[in-house]
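Reader: Please take one part of this model and look at it closely, setting out what surrounds it and how far the coordinates can be trusted.

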Amino acid sequence: MTRFKYQSNHFKMTNDSMTNGQLKIRIATKEDCPRLLELVHELALFERAPEEVTVTLQEFEEAGFGNKPVWKAFVAEADGFIAGFALYYVRYSTWKGLRLYLEDLIVTESWRGKGLGKILFDRTVQEARELGFNGMTWQVLDWNEPALNFYKKYEAAIESGWLNGSLSKEQIINY
């Protein structure tokens with residue numbers, strides 16, 4: 001159920017679907033996973049790191065729709081074509097409590113600049129509110145000016161001083 005109304009020059013959003021009859025925002029299904037993974041690869045190319053995507057379709061599907069799903073996504077679909085998605089999971093901060101973590105907000109290149117990213121982001125913010133979370137977090141590359149400008153429109157705090165740490169699957173296995 002959508003409680004907000006968003007209107008731009010291109011779209012009007014009510015009740016999780018677009019009133020122009022072409023675009024619909026809905027919860028992702030397992031059948032969407034191949035297309036979502038294509039969009040992940042598109043994002044990785046844009047972020048200059050295509051070799052970093054190592055998840056398989058089977059792992060992706062299991063993580064979202066298996067016995068212990070860890071992510072949920074909203075997809076933007078136009079005439080059966082998934083033009084973008086917002087994927088999130090629940091994060092717990094010992095300082096802030098439950099928070100929604102927006103892992104990816106992806107709009108395919110041909111659909112950028114039409115308000116679709118805003119609709120997906122707004123729907124994700126609404127989800128955080130409906131779930132009673134204490135906030136929402138995400139990452140953005142410091143050189144990604146379009147994304148930084150997008151988030152500035154929300155008056156989002158973009159932090160500096162924190163560096164990302166990680167261990168690969170191989171490092172964990174070999175530890």
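Author:
**Around Leu-102**

Leaving aside residues up to four places away in sequence, Leu-102 touches Ala-86, Leu-87, Tyr-88, Phe-121, Thr-124, Met-136, Thr-137, Trp-138 and Tyr-151. The model is a predicted one, and these contacts are to be read in that light.

A second, separate core has 17 residues, among them Ala-28, Leu-36, Val-53 and Val-75. Leu-102 itself belongs to the largest nonpolar core, which has 23 residues, and together with Leu-116 and Leu-120 it touches the most other members. At least two residues of this largest core come from each of S4, strand S5 (72–78), strand S6 (81–93), strand S7 (97–107), H3, strand S8 (136–138) and helix H4 (145–152), and H3 gives the largest share, 5 residues. As a general background, nonpolar side chains in soluble globular proteins tend to be buried together.

The strand pairing gives this picture a framework. S6 and S7 pair in the antiparallel sense over 10 bridges, and the hairpin that joins S6 to S7 passes through 3 residues; within this pairing, Phe-85 has Ile-106 of S7 as its bridge partner. With S8, by contrast, S7 pairs in the parallel sense, over 3 bridges, and there the bridge partner of Leu-102 is Trp-138, a residue that is also listed among the contacts of Leu-102. Because 8 of the 11 residues of S7 are buried, the strand is largely enclosed by the rest of the structure.

Helix H3 is the next element to consider. Its 15 residues, 116–130, should span 21 Å at 1.5 Å a residue, and the end C-alpha atoms are 21 Å apart, which agrees. The helix is mostly covered, with 11 of its 15 residues buried, and the buried positions include Leu-116, Leu-120 and Phe-121 as well as the polar or charged Asp-122, Arg-123, Gln-126 and Glu-127. Just after H3, Gly-132 adopts a positive phi of about 75 degrees.

Which residues does Thr-124 touch, not counting those up to four places away in sequence? Thr-124 lies in helix H3, and its contacts are Phe-74, Ala-86, Leu-100, Leu-102 and Met-136. At 0% relative accessibility, Thr-124 counts as buried, since the limit for that term is under 20%. Ala-86 and Met-136 appear in this list and are also touched by Leu-102.

Elsewhere in the model, Asp-32 offers a polar site to set beside this one. Asp-32 sits in the loop between strand S4 (23–27) and helix H1 (33–46), and at 7% relative accessibility it counts as buried. Its side chain reaches the backbone nitrogen of Thr-29 at 2.8 Å. Beyond four places in sequence, Asp-32 touches Arg-26, Ile-27, Val-75 and Ile-82; of these, Ile-82 is 50 residues away in sequence, with the two C-alpha atoms 8.1 Å apart in space.

As for confidence, the mean pLDDT of the protein is 87, and 88% of its residues reach 70 or more. Confidence is highest in helix H2 (residues 57–65), at a mean of 98, and lowest in strand S1 (residues 6–7), at 34. Over residues 1–20 pLDDT stays under 50, although the model has 55 contacts beyond four places in sequence for them. Where pLDDT is low, the predicted coordinates should not be read in detail.

How values were computed. Residues are numbered from 1 along each chain as its sequence is written. This is a predicted model: local features need pLDDT of at least 70, side-chain atom pairs count only at pLDDT 80 or more; totals for chains, interfaces and linings use all residues. Side-chain values use heavy atoms; hydrogens and water are left out. Helices (H or I, at least four residues) and strands (E, at least two) are DSSP runs, numbered from the N terminus. Buried means under 20% relative accessible area, exposed over 50%, partly exposed in between (1.4 Å probe, protein chains only). Contact means heavy atoms within 4.5 Å. A polar contact is a pair of N or O atoms within 3.5 Å; within protein, one must be able to donate a hydrogen and the other to accept it, and residues adjacent in sequence count only if both atoms are side-chain atoms. The expected span of a helix is 1.5 Å times one less than its number of residues. pLDDT is the predictor's confidence in each residue, from 0 to 100. A nonpolar core is a set of buried Ala, Val, Leu, Ile, Met, Phe, Trp, Tyr and Cys residues joined through side-chain atoms within 4.5 Å. Two strands pair if DSSP finds at least two bridges between them.
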